[in-house]
Every structure is written in C-alpha cells, then in structure tokens.
Amino acid sequence: MSALIKRQFAGVDDQPILRRKAEEQLRGTAEAGVEQGGVVLYLSFLEAGGIPLSASLLVSHLHRKFDSLDAVAALAGTGEVGVVTLPEAGRAARLLRRQRTKQARKLGSEFEDTVVEYFVPVPDRDEVLMLTFSTPLEPIADAMVGLFDAVAETLRWQRPGGETKGERE
C-alpha cells in the first residue's frame with residue numbers, strides 16, 4: 001500500500017493530509033474486503049481530463065449454494081435488484097445501491113458511494129462468486145455503473161483443462 005500511495009503522490013510534497021487520508025481510505029477498503037471474504041481487490045487510479053476515476057472491484061467467494069433467483073429474493077428491499085444474464089457466465093443477481101459508507105463519513109466525504117454487486121453461481125459447485133464494484137464519484141455515478149456492467153459482462157468460466165464453459169459443451 002505504501003508503494004501505491006508513494007506512486008500516486010509522486011512529486012506532490014505539499015499534501016501530507018491528503019496523502020494520509022488516501023492511505024487511510026485504501027487501508028480501510030482493503031480491511032473491509034477481507035472482512036467480506038474478499039480474495040482479490042482491484043483499484044482504479046485512472047484519470048480523465050485531470051479528474052481521478054476512483055473505483056474498486058472486490059471479488060469474493062461465498063461458500064453456499066443458491067441460484068440467482070434466491071439471491072434476488074434475499075436482496076429484495078436493499079436497492080435496485082434483478083436477474084441479469086452475463087453473456088459467458090450465465091444468470092446472475094445484480095444489486096445497485098447508493099450508500100454513505102462509514103469510511104466515507106470518517107473521511108468527511110459528502111457524497112454517497114455507488115455500489116453494484118453481482119452474485120454469480122459457480123457452475124457445478126456450491127459456491128457463488130460475488131463481484132462488488134464501488135465508486136465514490138457520485139456526479140458521474142451513472143457512467144461508472146455502465147463501466148461496471150461492461151466489466152461484469154466479460155466474466156467467463158474456465159474449466160481446469162483451460163477451455164471455457166462453452167467450448168466443452
């Protein structure tokens with residue numbers, strides 16, 4: 001984390017408070033991911049026109065069996081929820097919610113985070129892959145949701161021999 005923060009703040013020596021807050025936020029995001037059973041955390045530090053496009057993707061395994069309709073029923077009332085079909089991965093439950101997180105309140109952010117979660121049953125296993133996309137960029141949240149959906153649509157299953165699900169069937 002230190003190397004990442006150092007890279008992001010290279011050449012910026014007059015912002016120690018901002019640097020500390022960024023490191024706290026990154027550490028908080030990583031710790032929250034571990035608590036949720038996360039196995040991989042991706043962070044975006046891209047910029048467009050000098051504006052940072054902050055976003056994250058946490059990939060988690062849930063060791064329980066349920067299909068996308070079960071997930072929709074369980075998530076009802078927590079946000080916009082529905083069943084979607086991912087082109088290569090099949091049916092999944094998709095949840096869109098906006099929330100002001102504890103971490104955002106701690107850092108003094110006035111914006112809500114936009115979170116899109118996908119619950120994708122793993123073929124032939126009693127497991128669900130959970131993709132949790134998040135961005136604090138409320139002003140461009142709709143565009144970021146479109147990006148999250150596009151990334152989720154690239155998910156495909158690969159069998160141990162290296163072939164994708166569709167190649168074997």
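Helices, taken as H or I runs of at least four residues, and strands, taken as E runs of at least two, are DSSP runs numbered from the N terminus. On this basis the protein chain of the predicted model holds 6 helices and 8 strands. Read from the N terminus on, the elements follow the order α-α-β-β-β-β-α-β-β-α-β-β-α-α. The chain has 169 residues, of which 34% are buried. Among the contacts between residues at least 6 apart in sequence, 46% join residues that are at least 24 apart.

The interior was examined next. In soluble globular proteins, nonpolar side chains tend to be buried together. In the present model, the largest nonpolar core comprises 20 residues, and the members that touch the most other members are Leu86, Tyr118, Val120, Leu131, Phe133 and Leu155. Two or more residues are given to this core by each of the strands β4 (55-62), β6 (90-99), β7 (113-121) and β8 (128-135), and also by the helix α5 (141-152). The most is contributed by α5, which supplies 4 residues. Apart from this core lies another, of 10 residues, which includes Ala71, Val72, Ala93 and Met130. For Leu86, when residues up to four places away in sequence are not counted, the residues touched are Ala92, Tyr118, Val120, Ala152, Glu153 and Leu155.

Aromatic rings were then considered. A pair of aromatic rings is described by the distance of the centres and the angle of the planes. The structure holds 2 aromatic pairs. Tyr118 and Phe133 form one that is edge-to-face, with 6.3 Å from centre to centre and 85° between the planes. This pair links distant parts of the chain, since Tyr118 belongs to strand β7 and Phe133 to strand β8, with their positions 15 residues apart in sequence. Because residues under 20% relative accessible area are classed as buried, Tyr118, at 2% relative accessibility, counts as buried, and Phe133, with a relative accessible area of 3%, is buried as well. Phe133 also pairs with Phe148 in a stacked arrangement, at 5.0 Å centre to centre and with 20° between the planes. Phe133 lies in strand β8 and Phe148 in helix α5, so this pair ties together parts of the chain that are 15 residues apart in sequence. Phe148 has a relative accessibility of 3% and therefore counts as buried. Through these ring pairs, Tyr118, Phe133 and Phe148 are linked into a cluster.

Helix α5 also contains Val145, which counts as buried at 8% relative accessibility. The residues touched by Val145, with those up to four places away in sequence left out, are Arg94, Leu96, Thr114 and Val116. Of these contacts, that with Leu96 brings together positions that are 49 residues apart along the chain, the C-alpha atoms of Val145 and Leu96 being separated by 8.6 Å.

Finally, the second largest pocket was examined, in which about 270 Å³ of space lies. This pocket is lined by 12 residues, and those closest to its centre are Val122, Pro123, Arg125, Trp157 and Gln158. When the lining is divided by class, 5 of its residues are nonpolar, 2 are polar and 5 are charged.

Terms used:
Residues numbered from 1 in each chain as written. Predicted model: local features only at pLDDT ≥ 70, side-chain atom pairs only at ≥ 80, totals over all residues. Heavy atoms only, no water. Core = buried A, V, L, I, M, F, W, Y, C linked by side-chain atoms within 4.5 Å. Buried < 20%, exposed > 50% of the residue type's maximum accessible area, 1.4 Å probe, protein only. Contact = heavy atoms within 4.5 Å. 1 Å grid on protein atoms, 1.4 Å probe; cavity = no way out; pocket = protein on both sides within 12 Å on 5 of 7 lines; lining within 4 Å. Points joined across faces, edges and corners; volume = space filled by probe spheres on them. Nonpolar A, V, L, I, M, F, W, Y, C, P; charged D, E, K, R; others polar. Phe/Tyr/Trp six-rings, centres within 6.5 Å; stacked < 30°, edge-to-face > 60°.
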